[in-house]
Amino acid sequence: MDRETLIYSDESLLNSPITLTNCDREPIHIPGSVQPYGFLLCLQPETRRIVHASENTRQLIGLDAEALIGAGLDKVLSAATIAEIEALLPSLTEATKLLGARLDAVAEQPFYKIILHRYDQLIWLEFEPVANTEVSVLDLPSLNLTLTQLLSAPSVREFCQVAVDQVRDITGFDRVLMYRFAADASGEVVAEAKQDELEPFMGLHYPATDIPQQARAMYLKNWLRFIPDASYQPAKLVPVLHPQASRPPDMTYAVLRSVSPIHLEYLRNMGVAATMTISVIQDGVLWGLITCHHLTPRLVSYELRELCLFIGKTFSALLTTKQQQEDAAYQLHIRQTQAQIFDLVRHHSNFVEGLYQRMPTIRDAFDCGGAAICFDGDIITLGNTPTEAQILELTEWLRANAPQDVFYTDSYVRHNPEQGMAIRGTASGLIAIALAEDALDYIIWFRPEQIQTVTWAGQSQKAEIMQDGQLRLSPRQSFEAWAQTVMNTSAPWLPMEIEAAKEIRLHLSDVRLKIFNELQARATSLSRLNSELERSNDELDSFAYVASHDLKEPLRGIHNYSLFLLEDYADKLDTEGAGRLQTLVRLSQRMESLIESLLQLARVGRQEIVVEETNVQALVEEVIDLLHPRFEQTQTRVSILDELPTLRCSPIRIREVFNNLLTNAMRYSDDTEKVIRVGLAPADTRGPRGTGHPHDFYVFYVQDNGIGIDPKHHESIFRIFKRLHAQEKYGGGTGAGLAIARKMVGKHDGELWVESALGQGATFYFSLSKHL
């Protein structure tokens, strides 16, 4: 008895009823009976005497089994046939040999095929009835065509389809299936050839328990099993027990071996009356089965069965090559897609856009339901994915629980049950590659729950069959059982897909490193430019000092001498000469003001501010008091509408800002009664650069009812020496005040801007940081 059978079967179940609860331990290799379409004789090798006969010899050849025990083969065969058998015995093993013969010693002398093999210390002779002794003619052209089609099939699926088509053509069975085992020993129908009116089984899955381990062990040894009539009544062996053992003889290699009653029940529930199964074995492992079904009893000749077995063994021999070709094609597809994606990434200024804006996208890198790009706070989804909120939750889980660069699973539920159940429809399985440490930057590929990817062909059928109050086997019920085992699980990720994800991560890391190096080079260049700018600013400061010190003296001299000339020689000059001297005085005064403004602007930009706690309410009131005489003179009314806060700032600079804005509000107005309002802006007020959030900034405003400013000038008024009116209008001025005020506000991390329209007054806003 072989080791595998010892492992998987339980001989204590001999003579016990076989049920759904113990069929996985049924000793199917020693049933002690045969299928009655033929009969069996076993010989003792040394004596050549019959030691076992099936009890159906009476029905088939008119001889009682008991009468044959102890007799020789001359009870049924002629001396010539016995001599042929004797010639075969020295080379006989468990591999069967065939001999066609007439049973000359039996009444009516019928023709039988004798199938011989040696096993379990016995010589086995199995007799199958035929019309004559002629062996079926082998159709070599047809066989050559079959081999050509098998060799040229471009994929494993099409390879399987060719095999089932050919087996059905040879045997005429109503249905032929290719049943493929998965890594967990469950199975799937991957190819089918059938009559048109039959319900398709293509795509159905079955749990591993549908084919018990002892049956799988048997399939590895005996490549072909045949049941011409599933409704048969077994013919027992006489005697049942082996001559040298307390058990029936081991029928592992017997063609007539009786099969499990549970399997026969399964066939009857399917409406199958005859069946044949051929093993597909790859590298010593059971890869799958070619299974044939017929709706009525069907006896297929031994020769045709051997031809189908030849196809099955040829299929098995070519299978590894086909899988390698398919894997190589998929690997090539992955490589080519990767190369295209990398090229798109390289030609985009923003590498992330290269992952999704053009085909192929990152989703096409390998087979998946969808993908997500999570980078720099953005989430881009492609295909069928969880929601953005669910993806964000997933990235947070990954950062906390998956520190590795590449994380993959075919059952996220096992790692994170609560969220895994919520997203299993689109993301039972996932591969995630981290783009940065301690960040939520990932690329994630998703696969849906496996059961949701299965499409049933044909109309649905009730999965459960009740009989005598008990649940019985059926194909659809088996599918339901399989579905329970794969809940919350996706199709597994292939090693080449995981490697592809690693390569994508490495490539994107290289791209990001290149970008980082480029940024560093730019930073170095900017640093050099900043140094040059600082030197230029120092030179500008020197120039400003010269302008304020050295140029002021001659200008003051020109101014003073012009006044002296006017005082001393006014009576000696005509009107034109006196006017020119007055113009010289006025121009020298303006030149001095411009130089002073330029100096002040340069100093504001270069000098760091000194901040201190400042009561802005008191500061504004001081400015208003200082300007009060001018406000009275110009009939200007100033109101502070809000209680202004205390904050850290440079009081000198902010005093100058308010002074400039209040002076401008008073100056640029044609109204008899001028109104100025000072206060805090609403919480939703934002500057052009986005400053103003109440958490980080105070925003003040100065509002007037003056002449207003055309929107096209809203930015230009902040340029130095930019005036919108003639020098003599609205009190003159150099046009530097707003430029200086903006620089002062900028030193407080804020910004200064205006909202206005012609004739509708102006509101100047400025923001000051709360974090100085």
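This report describes the sheets, backbone features, cavities and confidence of a predicted protein model.

**Basis and confidence**

The model is predicted, so local features are reported only at a pLDDT of at least 70 and side-chain atom pairs only at pLDDT 80 or more, while totals for chains, interfaces and linings use all residues. Residues are numbered from 1 along each chain as its sequence is written, and side-chain values use heavy atoms, with hydrogens and water left out. The pLDDT is the predictor's confidence in each residue, on a scale from 0 to 100. Its average over the protein is 83, and 80% of the residues score at least 70. Residues 1-13 have a pLDDT below 50, yet beyond near neighbours in sequence this stretch has 34 contacts in the model, a contact being heavy atoms within 4.5 Å. Over residues 18-25 the pLDDT likewise stays under 50, and the model gives this stretch 22 contacts beyond four places in sequence.

**The seven-stranded sheet**

Helices (H or I, at least four residues) and strands (E, at least two) are DSSP runs numbered from the N terminus; two strands pair if DSSP finds at least two bridges between them. In general, strands of a sheet pair through backbone hydrogen bonds, either parallel or antiparallel.

An open sheet of seven strands follows the order β1-β11-β3-β2-β6-β5-β4, with antiparallel pairing. Its edges are β1 (33-34) and β4 (97-102), each of which pairs on one side only. Within the sheet, five bridges join β2 (residues 39-43) and β6 (residues 122-130) in the antiparallel sense, and L41 stands opposite L125 in β6.

Two helices pack on this sheet. Helix α4 (residues 79-88) touches β4, β5 (111-119) and β6, and its direction makes about 170 degrees with that of β4. Helix α9 (residues 302-346) touches β4, β5 and β6, and its direction makes about 45 degrees with that of β5. For these angles, axes are lines fitted to C-alpha atoms, for helices over the stretch in contact, and angles run from 0 to 180 degrees between N-to-C directions.

**The five-stranded sheet and a hairpin**

A further open sheet has five strands in the order β22-β24-β25-β27-β26, with mixed pairing. The edge strands, β22 (636-640) and β26 (752-756), each pair on one side only. From one strand to the next the twist averages 15 degrees. Strand β26 runs antiparallel to β27 (residues 762-769), to which five bridges join it; there E755 has T763 in β27 as its bridge partner.

Strands β14 and β15 (residues 378-383) are antiparallel and share six bridges. C374 is partnered by I379 in β15. Two residues lie between the strands of this hairpin, where D376 takes a positive phi near 55 degrees.

**Backbone exceptions**

Most residues other than glycine have a negative phi, and most peptide bonds are trans. The table lists two cis peptide bonds.

| Cis bond | Omega |
|---|---|
| V238 to P239 | near -10 degrees |
| M359 to P360 | about -5 degrees |

P239 is placed in the loop between β11 (235-238) and α8 (261-269), whereas P360 lies in the loop between α9 and β14 (370-375). E108, which is not a glycine, has a positive phi of about 70 degrees; this residue is found in the loop between β4 and β5.

**Cavities**

On a 1 Å grid over the protein atoms alone, a cavity is a set of points where a 1.4 Å probe fits but cannot get out, and its lining residues have an atom within 4 Å of a point. Grid points are joined across faces, edges and corners, and a volume is the space filled by probe spheres set on the points. There are two cavities of 30 Å³ or more, and the largest has a volume of about 70 Å³. Residues lining the largest cavity include Q35, N222, R225, F226 and R257.

How values were computed
1 Å grid on protein atoms, 1.4 Å probe; cavity = no way out; pocket = protein on both sides within 12 Å on 5 of 7 lines; lining within 4 Å.
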